[in-house]
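User: I'd like to go through this model with you. Can we start with the cysteines?
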Amino acid sequence: MEKYTDRCGLFGMYDNNGFHTSHLIYYGLFAMQHRGTEAAGICVNDFRGQFNYCRDAGLVTEVFDDAKLERMQGHMGIGHVLRCDTETARENAQPIVIRYTNGHMAVAVNGGLTNLDQLRSELELNGAVFQTTGAAEVISVLISRARNSYDTIEEAIAHVMESLKGGYAILVMTPRKIIGVRDPWGIRPLFLGKMDHSWFLSSETVAFDELDVTTVREAAPGEIAVINADGVHSLQGQPAAGRRACIYEYVYFSHPGSTFGGQEVFRARYQMGRILAREAPVRADAVAWVPDSGLAAAMGYADELNIPLVDAFVKSRYYGNNLVKPEGLLYDRQINMKLSVIGSQIRDKDIVVIDDSIVKGGTAATLVQTLKKAGAGRIHLRIASAKICHPCYYGAALPDEEQLVFAGRSVDEVCQMTGADSLALLSEEGMKMACADAQSGFCAACFDGDYPV
């Protein structure tokens, strides 16, 4: 199975109030910068049906400035932040903008397709030429070719959905409408919002909260939501296959202030910490959290066992994707430029370190080594999710199976690799129990290998 993923964030709007569209999209993307730091892009319709767009490698604040945003005037637009290999960030920046026989359109994608190689090969055999390696360009070509056979673009999109295998959310903009699409399993998130008479689409509700947009509802699995001057209407692009929302959104991806499937992410992480404390308690002097996504679980763990919660780590606010990564001797010594330790908080203390997940194991080993060098006593690693043993094909940007530390290794073996005095992880049942307020059905394939598609 091929692994092509676009872990990222989407934000779009149709302005019926005279707002500054590009600025609102900019702030919506900024609120979801955690979903992708390698590239950002915005495409705006300039009232005449012409598209003005800018996309490039870098953070939202690096790609855009006031001058660029002022030049992007219009009444609707879509934006995208991308998480990918740094080397391909510029070429895979989205939205993709294409011209075809029916006009032009912009496409942005969050997710991953398991059959992307097959789709690309079939299109290339029929004369298509691609400039990127991501799913957005392939999907845009599929829609443009199907459009000639259907009266509306949403009907063409419904036809294309039949051939898309994986988890995805898609934004499509034409000269007259914006369209949001969600996969039939509901793996990747997509939300509909409203402010006054304007409509919005977003990967996370936190972006709506930041802009004072009211969250109307979550897009249904298999839904195509169409926004134009008359408002919103929807159709079922493909039959819903049963809700299988990505549980890793609760563990790590989503902002803690977001709500997904009716479940607040912060509350889910807090409950993961409490359940982890019941499943794997330990005597210790303090609980420390790994910034930033480990905080809620650490609070839950500390509260459950009545152990003080301390700030042991400081995250560098200047650490980013432009930092020269250490090599050779520096890498071998595992010098960590992202986190530093506050020695007074942990010196001569037995510490429980709470992190959201453990993937390759390198970060955990560095944390343990750094704490012990700073004078900590015993280090107990507690992970607020289950063992990640399988790659994700639906946009989670997890490494291949052979790079996963728990692929073929026991907990004791990994504990020894990290140098910790003990290691325990939350059970898969505990993860799901922590999301009790969510609508039923999760995709936990990276934990249990049960791939819905």
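Analyst: A disulfide here is a pair of cysteine sulfur atoms within 2.5 Å. This is a predicted model: local features need pLDDT of at least 70, side-chain atom pairs count only at pLDDT 80 or more, and totals for chains, interfaces and linings use all residues. Residues are numbered from 1 along each chain as its sequence is written, and side-chain values use heavy atoms, with hydrogens and water left out.

User: How many disulfides does the structure hold?
Analyst: Zero.

User: Why no bond for cysteine 43?
Analyst: Its closest cysteine sulfur, in cysteine 54, is 11 Å away, so it is too far for a bond. Cysteine 43 is also buried, at 0% relative accessible area. Buried means under 20%, exposed over 50%, partly exposed in between (1.4 Å probe, protein chains only).

User: And cysteine 435, why no bond there?
Analyst: The closest cysteine sulfur is in cysteine 246, 10 Å off, which is too far for a bond. Cysteine 435 counts as buried, at 2% relative accessibility.

User: New topic. Which residues touch the most other members in the largest nonpolar core?
Analyst: Phe11, Ile42, Phe64, Tyr248, Tyr250 and Phe447, out of 73 residues. Helix α10 (residues 265–279) gives the most to this core, six residues. A nonpolar core is a set of buried Ala, Val, Leu, Ile, Met, Phe, Trp, Tyr and Cys residues joined through side-chain atoms within 4.5 Å. Helices (H or I, at least four residues) and strands (E, at least two) are DSSP runs, numbered from the N terminus.

User: What is phenylalanine 64 in contact with?
Analyst: Leaving aside neighbours within four places in sequence, phenylalanine 64 contacts Tyr26, Ala40, Gly41, Ile42, Cys54, Leu69 and Met72. Contact means heavy atoms within 4.5 Å.

User: Now strand β17. Which way do its residues point?
Analyst: Ala286 and Ala288 point one way from β17 (residues 286–289), Val287 and Trp289 the other. All are buried.

User: And how does β17 pair with β21?
Analyst: In the parallel sense, over four bridges, with β21 at residues 351–355. Two strands pair if DSSP finds at least two bridges between them. In β21, valine 353 is the bridge partner of alanine 288.

User: What about β18?
Analyst: β18 (residues 309–310) runs parallel to β17, joined by two bridges. There, alanine 288 has valine 310 as its bridge partner. The chain crosses from β17 through helix α11 (residues 295–305) to β18, a right-handed β-α-β crossover. Right-handed means that, with the strands pointing away from the viewer, the path from the first strand over the helix to the second runs clockwise.
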